[in-house]
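Grab your viewer and let's work through a few short exercises together. Try each task before you read its solution.

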Amino acid sequence: MDLLTALKERRSCRNFLTEPVEEATIEKLLEAATWAPSPLNSQPWEFMVITNPEVKGKIFAEGERCRKWALEKSGWKWLGSYSIDFLQSVPVIIAVIGDPKKTGLDMFMEDGSMGYQAACAAAIQNMHLAAHALGLSSLWFTLFDKKALREILGVVPEKTPLALICLGKPERSPAPTPRKDIKEKAIYIR
Ligand SMILES: Cc1cc2nc3c(=O)[nH]c(=O)nc-3n(C[C@H](O)[C@H](O)[C@H](O)COP(=O)(O)O)c2cc1C
């Protein structure tokens with residue numbers, strides 16, 4: 001599959017079959033992730049590959065806690081019917097852990113040390129695209145409290161859990177999502 005096709009066809013999946021993913025496939029995804037760019041090539045990422053049902057159960061419970069909290073705070077109705085049951089059935093979850101010390105020369109950035117997060121995001125997107133090219137579906141999941149996730153996964157306080165990437169075969173084709181026209185988003189400075 002060529003890259004442009006993969007990046008247009010990839011969709012977030014929220015219904016996974018329980019069928020396991022082969023370790024060789026997971027390794028390919030992790031390798032794809034590590035080819036992402038990073039500030040000073042610092043490669044500020046670590047990956048935790050989670051298949052343990054008990055740990056997935058704890059992640060689900062944390063997601064549910066955050067979902068209910070966010071529903072109460074925001075009043076966003078969609079959160080009431082947003083099911084995260086897939087966190088229990090998905091065969092693999094890859095936690096992406098970032099190292100804020102490896103963030104490059106970003107003292108000129110208004111938002112502080114974002115370099116490591118940007119690099120981890122690039123690694124995550126590489127994983128998504130590689131997963132799609134290998135016939136898997138994926139989801140970038142962030143509905144968790146960092147402190148709680150550190151405790152569940154045993155991550156040291158100096159490092160930051162940035163995302164949970166759910167991976168598996170889709171139960172059904174994910175719904176298409178629209179995109180705004182590029183004319184609304186691009187300015188040419190000639
Ligand atoms: C930083 C980030 C965080 C996200 N967090 C969640 C999440 O917690 N739960 C979820 O269901 N989807 C999450 N998503 C997926 C988006 O909802 C999804 O990418 C978007 O709706 C576009 O759909 P598509 O991926 O199918 O193109 C996240 C995506 C990004 C980039």
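## Exercise 1: the two sides of a helix

The buried residues of helix H2 are Ile26, Leu29 and Ala33. They lie on the same side of H2 because they cover an arc of only 60° around the axis, the arc being that of the directions from the helix axis to the C-beta atoms. Before going on, note that this is a predicted model, in which local features need pLDDT of at least 70, side-chain atom pairs count only at pLDDT 80 or more, and totals for chains, interfaces and linings use all residues. Residues are numbered from 1 along each chain as its sequence is written.

**Task.** Find which exposed residues sit on the face of H2 turned away from its buried side, and what covers the buried residues.

**Solution.**
1. Fix the terms: a residue is buried if 20 or more other C-beta atoms lie within 10 Å of its own, exposed if 12 or fewer, and partly exposed in between, with C-beta atoms placed from the backbone. Helices (H or I, at least four residues) and strands (E, at least two) are DSSP runs, numbered from the N terminus.
2. On the face turned away, look for Ala24, Glu27 and Glu31, which are exposed.
3. The cover over the buried residues of H2 includes strand S1 (45-50), strand S2 (92-98) and helix H6 (115-133).

## Exercise 2: a proline in a loop

**Task.** Pro39 is found in the loop between H2 and S1; decide whether Pro39 counts as buried, exposed or partly exposed.

**Solution.**
1. Pro39 counts as partly exposed, because it has 18 C-beta neighbours inside 10 Å.
2. Leaving aside neighbours within four places in sequence, Pro39 is in contact (C-beta atoms, placed from the backbone, within 7 Å) with Thr103, Gly104, Asp106, Gly115 and Ala119.
3. Gly115 and Ala119 are among the buried residues of H6.

## Exercise 3: from H6 to a strand pair

**Task.** Name the elements that the buried residues of H6 pack against, then say in which sense S3 and S4 pair.

**Solution.**
1. The buried residues of H6 pack against helix H1 (3-9), H2, S1, S2, S3 and S4.
2. After H6 comes Gly135, with a positive phi near 85°.
3. In strand S3 (residues 137-141), four of the five residues are buried.
4. S3 and strand S4 (residues 160-168) pair in the antiparallel sense over five bridges; two strands pair if DSSP finds at least two bridges between them.
5. As a check, Ser137 stands opposite Gly168 in S4.

Key:
Contact = placed C-beta atoms within 7 Å.
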